[in-house]
Amino acid sequence: MTNGKHNGNDNGTGDGQENVPSRQRRRFPGISSRAYEHPADRSALVALRKLSGFDTVFKALSGLLPERSLRLLFLSDSVRVSDAQFAHLHTMLRDACYILDLEKVPAMYVQQDPKPNAMCIGLDEPIIVVTTGLVELLDEEEMRAVVGHEVGHALSGHSVYRTILLFLTNLALKVAWIPLGNVAIMAIVTALREWFRKSELSADRAGLLVGQDLQASMRGLMKIAGGNHLHEMNVDAFLEQAEEYEAGGDLRDSVLKILNVLPRSHPFTTVRAAELKKWAATRDYQRIMDGHYPRREDDKDTSVSDSFRQSASSYADNVRTSKDPLMKLVNDIAGGAGDLGGKLRGKFTGQGGQGNGGSASNDSSDRPSDS
């Protein structure tokens, strides 16, 4: 239980101060980030870590990235969390590192920005940044889940790839005038964003392991979506939105969902809430809480092929259980559904479409455009 001291390096502020959280929480000594990582996130990370020369490439790349500039910027124009500044956040940070057994406590800054946001960036050492909008929006338990979320990013090594994503996004803007150059960079950025959206689901799980209060995690996500009006919101109704978002509409809506999410680094908030609630009900989560989880010392023995199989299995399960019209169509095709043309018309028009039924007339307005 977390009622002891954090013995890690604390960026010059560690003084052996006893860490006494508001209530006891279970601690996970030696926990591997594989314990909470989303399968798609985990397979990408395992593959990158196993890649020959990966560390050398990133050390060379680090000379091009503005990491030193970022550190100086936050140091000079933000407030560094410590015993003397934002002490309650400092206690949460140390507590989160103690629970997830992260030996070195990352530097953490509060940045003046009314928009609620938090991030974990850095190549050599992760930096956690939270905005004043987020600090003012969330209560103690909700904020604890957010701090745990960012510490989860640090433990997984996500800060490295997030920094690269920021760099490439900025680079894409600078070379937008070069024919094909921007296209190549944006292809990498799009792939990184897809991975990063999955990494956010992983970090949400880490936040739950730190806070150990599902309702607080749900409230925090609701507030990020709808502001500080908790008395006007309801968790069950919020999760119903996620259900409606996934299942509603026809194939046109499925395409619009894909287009809407492509430029985003984070999944939509209702989707995150639904995914976290689903994971909290799994045996995997309960086993972690019971003390049975992958250990960091075994990470070197992790099989890339096993991780990819788990990722593929996860995607297959998502397609099989999804209520999204496009995913249901994919599942039908994989299952050898008959009358594909009729089903496709029905999915696009939202009419349930049988190939020869009255709802699928020969009028050209009922057919998808060829343009």
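**Notebook: helix 12, a cavity and the cores**

I looked up burial in helix 12 and found Thr269, Thr270, Arg272, Ala273, Leu276, Trp279 and Ala280 buried, where buried means under 20% relative accessible area with a 1.4 Å probe, protein chains only, and where helices are DSSP runs of H or I of at least four residues, numbered from the N terminus. This is a predicted model, in which local features need pLDDT of at least 70, side-chain atom pairs count only at pLDDT 80 or more, and totals for chains, interfaces and linings use all residues. Residues are numbered from 1 along each chain as its sequence is written, and side-chain values use heavy atoms, with hydrogens and water left out.

I then checked the length of helix 12: at 1.5 Å a residue its 12 residues should span 16 Å (1.5 Å times one less than the number of residues), and its end C-alpha atoms, 17 Å apart, agree with that.

Next I looked at the second largest cavity (a set of points on a 1 Å grid over the protein atoms alone where a 1.4 Å probe fits but cannot get out, lining residues having an atom within 4 Å of a point). His38, Leu201, Asp204, Arg205, Arg272, Glu275 and Leu276 line this cavity, and helix 8 (181-211) and helix 12 (269-280) are the elements that give two or more residues to the lining.

Last, I noted that the largest nonpolar core has 48 residues, with Leu100, Val130, Met143 and Leu209 having the most contacts inside it; such a core joins buried Ala, Val, Leu, Ile, Met, Phe, Trp, Tyr and Cys residues through side-chain atoms within 4.5 Å. Another core, of 7 residues, lies apart from it and includes Phe74 and Tyr109.

Methods:
On a 1 Å grid over the protein atoms alone, a cavity is a set of points where a 1.4 Å probe fits but cannot get out, and a pocket is an open set with protein on both sides within 12 Å along at least five of seven lines; lining residues have an atom within 4 Å of a point. Buried means under 20% relative accessible area, exposed over 50%, partly exposed in between (1.4 Å probe, protein chains only).
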